[in-house]
Amino acid sequence: MKKIEKIKELTDKKIWIAPLAGITDNSYRTILKDCDADILVSEMVSADGLIYNKERSLSYARFDDYQRPFGIQLFGSDPQIIAKATELIITEKPDFIDINMGCPVKKVVNRKAGSYLMKDEKTACDIVCSVKNKLQNTEILLSVKIRSGWDFQSINAISFAKKIEEAGADILIIHPRTRSQMFSGKSDWGIIKKIKENLTIPIIGNGDITAVQDAFEIYEQTNCDSIMIGRGIIGKPWLITQIKHFLLTSKYLEINYLKRLEIIKKHFSLSIKYRGEDIAIKEMRTHFSHYTKGIRGGAKVRDRINKSGSKEEIINLISEFFYEQN
Ligand SMILES: Cc1cc2nc3c(=O)[nH]c(=O)nc-3n(C[C@H](O)[C@H](O)[C@H](O)COP(=O)(O)O)c2cc1C
């Protein structure tokens, strides 16, 4: 497929799932795909890690073919190291590589990666050029995920995005909060609109899509090409199905508790398949907590699940809980 067609296939009114470290692992991504997600991205993978601690970092990058179109997200601060990591990672044959220029956490920005790069435009552009260079003669696309800037005094998303486009990015993803906002306050969709007006590559709008109406409104307000959903799908993978239905029909689709239970049980069984029973029981506690949040009796069942070390007992607890809601 020609690159131009592939770009269209990935960005023409699609639902992208945001990379969410600690949440969107292989098992949850399969669930999200089942719920009709169009484009999936790995959790962020350290470029340095890929070179110096290959197996562990590779485990974050691996994916099932079912999850395609699929992107591997890299973070790092050195153009040469990211280029070398790209060379290693393209053997996994992702559909695109995404460069993280938005992560606000200290551990990442202290290494001059993630959103720090919005303060160092030259290095950011060198990174894009060096990765693009490695992707020449492949069908793998390059996206870059940015924020609105470092802080309110230095909002540079529009000029920065233009430079990223000139450096060779095929797609731009924008989460319009500053680094100093972290995840608080509201994202400024006006910035998405301005970027869309000023760039020619497709723009993926991200930030605060937590309900079907938000998906409709972000398209209306920004004219973005596709949308990316992050926290909205934590504990609610079926939100994707509901958004697709709403955008097509303007009607709200109810997902009943039995359907939810079926999805949750599959998630647990996939987690056991990929991680083994003991780790899956521990890792799924976060997800069970989100799945039961805001539902009558949720606190009690969460407490019992958190104390249980038995797969069968947890399945019984969660099944009983959702049957009672029905
Ligand atoms: C728990 C968590 C983990 C995240 N991990 C990543 C990550 O690995 N890479 C990245 O680019 N952004 C990461 N983000 C940011 C999201 O991808 C997204 O840009 C942000 O949450 C805004 O979208 P939302 O309002 O739909 O959640 C993370 C956010 C959260 C809450």
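This section describes helix packing, nonpolar cores and selected local backbone features in a predicted model.

Two packed helices are described by the angle between their axes and the distance between the axes. Helix α7, residues 121–135, takes part in two of the helix pairs considered here, one with α5 and one with α8. The axes of α5 (residues 79–89) and α7 approach within 8 Å and cross at roughly 25 degrees. Because angles under 35 degrees count as roughly parallel, α5 is roughly parallel to α7. The crossing of this pair is right-handed. On the α5 side, the contact is formed by Pro79, Gln80, Ile82, Ala83, Thr86 and Glu87. The α7 side contributes Thr123, Asp126, Ile127, Ser130, Val131, Asn133, Lys134 and Leu135. Sorted by class, the contact of α5 with α7 contains six nonpolar, five polar and three charged residues.

The axes of α7 and α8 also come within 8 Å, with a crossing angle of roughly 30 degrees. These two helices are therefore roughly parallel to each other, and their crossing is right-handed. From α7, the residues Glu121, Ala124, Cys125, Val128 and Cys129 meet Phe160, Lys163, Ile164 and Ala167 of α8. By class, the contact of α7 with α8 has seven nonpolar and two charged residues, with no polar residue.

Helix α8 (residues 157–167) is in turn paired with α9 (residues 189–198). The axes of α8 and α9 come within 9 Å and cross at roughly 40 degrees. With an angle of that value, α8 and α9 are oblique to each other. The crossing of α8 and α9 is right-handed. Ala157, Ile158, Ala161 and Lys162 of α8 meet Ile191, Lys194, Ile195 and Asn198 of α9. Five nonpolar residues, one polar residue and two charged residues make up the contact of α8 with α9.

The largest nonpolar core has 78 residues, of which Ile17, Leu172, Ile174 and Ile227 touch the most other members. Helix α7 gives the most to this core, with five residues. Apart from the largest core lies another, of 14 residues, whose members include Phe268, Phe288, Tyr291 and Ile305. Within the largest core, Ile227 can be described through its contacts: with neighbours within four places in sequence left aside, Ile227 is in contact with Ile15, Trp16, Ile204, Gly205, Ile209, Ala215 and Ile218.

In the core of 14 residues, one of the named members is Ile305, which lies in helix α14 (residues 298–307). Ile305 has 20 C-beta neighbours inside 10 Å. Since a residue is buried if 20 or more other C-beta atoms lie within 10 Å of its own, Ile305 counts as buried. Not counting residues up to four places away in sequence, Ile305 touches Arg285, Phe288, Ile314 and Leu317. Of these contacts, Phe288 is also among the members of the core of 14 residues. Ile82, a residue of the α5 contact with α7, is 223 residues from Ile305 in sequence, and the C-alpha atoms of the two are 41 Å apart.

Gly49 lies in helix α3 (residues 47–52). Gly49 is partly exposed, with 19 other C-beta atoms within 10 Å. With residues up to four places away in sequence excluded, Gly49 touches Arg56 and Ser57. The C-alpha atoms of Gly49 and Leu74 are separated by 10.0 Å, and the two residues are 25 residues apart along the chain.

Several backbone features occur in loops. Most residues other than glycine have a negative phi, and most peptide bonds are trans. Arg68 and Pro69 are joined by a cis peptide bond, with omega at about -5 degrees. Pro69 is found in the loop between α4 (54–61) and β4 (70–75). Met182, although not a glycine, has a positive phi of about 55 degrees. Met182 is placed in the loop between β7 (171–174) and α9, and is exposed, with 11 other C-beta atoms within 10 Å. Ser250, likewise not a glycine, has a positive phi of about 60 degrees. The loop between α11 (239–249) and α12 (257–275) holds Ser250. With 9 other C-beta atoms within 10 Å, Ser250 is exposed.

Note on methods: Residues numbered from 1 in each chain as written. Predicted model: local features only at pLDDT ≥ 70, side-chain atom pairs only at ≥ 80, totals over all residues. Helix = DSSP H or I, 4+ residues; strand = E, 2+ residues; numbered from the N terminus. Buried ≥ 20, exposed ≤ 12 C-beta atoms within 10 Å, placed from the backbone. Contact = placed C-beta atoms within 7 Å. Axes fitted to C-alpha atoms, helices over the stretch in contact; angles between N-to-C directions. Parallel < 35°, antiparallel > 145°, perpendicular 65-115°, else oblique. Left-handed = near helix turned anticlockwise from the far one by under 90°. Nonpolar A, V, L, I, M, F, W, Y, C, P; charged D, E, K, R; others polar. Core = buried A, V, L, I, M, F, W, Y, C linked by C-beta atoms within 7 Å.
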